[in-house]
Amino acid sequence: MKGALIALLAIIEREVLRFVSQRGRFLSALVRPLVWLLIFAAGFRAALGLSIMPPYQTYITYEIYIVPGLCAMVQLFNGMQSSLSLVYDREMGSMRLLLTSPLPRWWLLMSKILAGVVVSVVQVYAFLAIAACFGIVFPVFGYLAVLPVLVLTGFMLGALGLLLSSTIKQLENFAGVMNFVIFPMFFLSTALYPLWKMAEASPLLRQICALNPFTHAVELIRFTLYLTPNLLAGVWVMLAALVFFGAAVWGYDPARGMMTKRGG
Amino acid sequence: MLETALDIQGLSYAYGARQALKDVSFTAASGRFTALLGPNGAGKSTLFSLLSCLFVPQTGTLRVAGNSLATAPRAALARMGIVFQQPTLDLDLSVARNLYYFAALQGLSNRVARARIEEALDRLDMRERSDEIVRRLNGGHRRRAELARALIHRPSVLLLDEPTVGLDAPSRRSITDHAHELAAQGLCVLWATHLVDEVAPSDQVLVLHQGRVLADDRCDNLCGADSLAHRFQALIGAPG
């Protein structure tokens, strides 16, 4: 058990060191949601009228509405970035080093996800701090209460990234992930518009949005920031995290022989 | 009689219709340098992937220091040190940090790791490079750092998959000599290569070709008065 914890901490430390040394990654992780918040939201607020709906108890501006969705977006991109680096690691061979450790494979993969979660949580708080500078603030205890939720949502999205990395054979195929995973997941969610607004456009799209685990991640973050419980979203995110993680562990099962594609 | 550290019996593996290994059986002993000699595509990397639990054999058994990879893979992995064909060091970290990371993956505490890392670096004459960033090291020193890393958890079996690929002649000689010294100190060394000049007369030689073991003998017994290069070419049917 002690050995497993030592490995977990080392994997987290390595990810953090990597992140610190890649200033561009940190900057782009911050700039992306800020572009949405300061440019997209400013233009969109006039087009979109929002009624009072939980967890909000009054009319809110569009900027306030999209901040939880942008927090989840930071984690979504971070999960996909980790997935990309896992595919890279696998092609470069350093994934082999991890997987030949005598610790249980599921533990090593979980550690890898948690390392990504630590980085994504730092990014989210940095984004929330900048949003606060622009006057978008939440209840003080909301910032604290959202921490475990960010760990959970980050884990779910990291597990999805891990699952994708187990199915992607080559780095070049990663562009497909952008088109078929990140964009649909983000746009077919409540990150940018509420479900009722989506229903006005298409009831089918609304149904898809309601089934999207990313929607529940966004809502869980949104409700928690306002210290309002949302059990349904919590259960959805937890279930999705378990399914994604289970499938990822299965994907990295050596019996499936996915680590290398050819002999030598 | 040397003790058997690696025992492989009836091992086969296929990628779809292409058979990469066909009924491979051999043993490798502690205190001996065993050269797994084969041309590209012989099945060496597949064998290493199976040994390092990245693949699961379709038929056959593998045992490392008495531990079956099928029933006790973690115990078997704990007894193996592996140097992969592709470099696996983090280029932006120092040699020591890379080694600490590996030690942690083996579950070793910082205190134990420190002593083991110093010991491993001393064995490879790499102590003075400990704080250097890997990116600044030449290919030979990077390989030595990987060899040192593979020794931190004191394995009984050392697997090296074509570790001299891309190195210049002096670096190649140096790594080969280090591996021979480690075998002389009691380790079971399995060294995959396609270069005959890396094999010493007293080494055990396994010739692998098209997934089959064609020869398994001491190099001097295998060659007799002939050179290993000629003998190898004759075995694999290559023009001399």
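## Helix α1 of chain B

In this predicted model, helix α1 (residues 44-51) of chain B is largely enclosed by the rest of the structure, because eight of its eight residues are buried. A residue is called buried if 20 or more other C-beta atoms lie within 10 Å of its own, exposed if 12 or fewer do, and partly exposed in between, with C-beta atoms placed from the backbone. The buried residues of α1(B) are B:Lys44, B:Ser45, B:Thr46, B:Leu47, B:Phe48, B:Ser49, B:Leu50 and B:Leu51. The helix is followed by B:Cys53, which has a positive phi near 65 degrees. Helices (H or I, at least four residues) and strands (E, at least two) are DSSP runs, numbered from the N terminus.

Helix α1(B) lies across strands of two sheets. On one, α1(B) crosses β3 (32-37), β7, β8 (188-193) and β9 (204-209) of chain B and runs at about 145 degrees to β7(B). On the other, α1(B) lies across β1 (4-15), β2 and β4 of chain B, at about 65 degrees to β2(B). Axes are lines fitted to C-alpha atoms, for helices over the stretch in contact, and angles run from 0 to 180 degrees between N-to-C directions. Two residues are in contact if their C-beta atoms, placed from the backbone, lie within 7 Å.

## The six-stranded sheet of chain B

An open sheet of six strands has the order β6-β7-β8-β3-β9-β10 in chain B, with mixed pairing. Its edges are β6 (80-83) and β10 (212-218), each with a single partner strand, so one side of each is left without a neighbour in the sheet. From one strand to the next, the twist averages 15 degrees. Two strands pair if DSSP finds at least two bridges between them.

At one edge, β6(B) and strand β7 (residues 157-161) of chain B pair in the parallel sense over four bridges. Within this pairing, B:Val83 has B:Leu160 of β7(B) as its bridge partner. Helix α5 (residues 139-151) of chain B lies across β6 and β7 of chain B, running at about 165 degrees to β6(B).

## Strand β9 of chain B and its partners

Five of the six residues of β9(B) are buried, so this strand is largely enclosed by the rest of the structure. Strand β9(B) pairs with β3(B) in the parallel sense over four bridges, and B:Leu37 stands opposite B:Val207 in β9(B). Six bridges join β9(B) to β10(B), and these two strands run antiparallel. Here B:Val207 stands opposite B:Ala215 in β10(B). The two strands form a hairpin with two residues between them, and B:Gln210 in the turn has a positive phi of about 50 degrees.

## The four-stranded sheet of chain B

A further open sheet in chain B has four strands in the order β2-β1-β4-β5, and its pairing is antiparallel. Strands β2 (18-29) and β5 (67-68) stand at the edges with a single partner strand each, so one side of each is left without a neighbour in the sheet. Strand β4 (residues 59-64) of chain B is joined to β5(B) by two bridges, in the antiparallel sense. The bridge partner of B:Arg63 in β5(B) is B:Ser68.

## Helix α10 of chain A

Helix α10 (residues 213-225) of chain A has 13 residues, which should span 18 Å at 1.5 Å a residue; its end C-alpha atoms are 18 Å apart, which agrees. The expected span is 1.5 Å times one less than the number of residues in the helix. Helix α10(A) is mostly covered, with 13 of its 13 residues buried. Just after α10(A), A:Leu227 takes a positive phi of about 55 degrees.

## The contact between the chains

The contact draws 26 residues from chain A and 30 residues from chain B. On the side of chain A that touches chain B, α1 (2-21) and α4 (94-99) of chain A each supply at least two residues. The largest share of that side, seven residues, comes from α1(A).

By class, that side of chain A has 13 nonpolar, 10 polar and three charged residues. Ala, Val, Leu, Ile, Met, Phe, Trp, Tyr, Cys and Pro count as nonpolar, Asp, Glu, Lys and Arg as charged, and the others, Gly among them, as polar.

## Confidence and conventions

The model scores ipTM 0.83 and pTM 0.87. Chain B averages a pLDDT (the predictor's confidence in each residue, from 0 to 100) of 92, and 98% of the residues score at least 70.

As this is a predicted model, local features need pLDDT of at least 70 and side-chain atom pairs count only at pLDDT 80 or more, whereas totals for chains, interfaces and linings use all residues. Residues are numbered from 1 along each chain as its sequence is written, while chains are lettered from A and ligands numbered from 1 in the order in which they are written.
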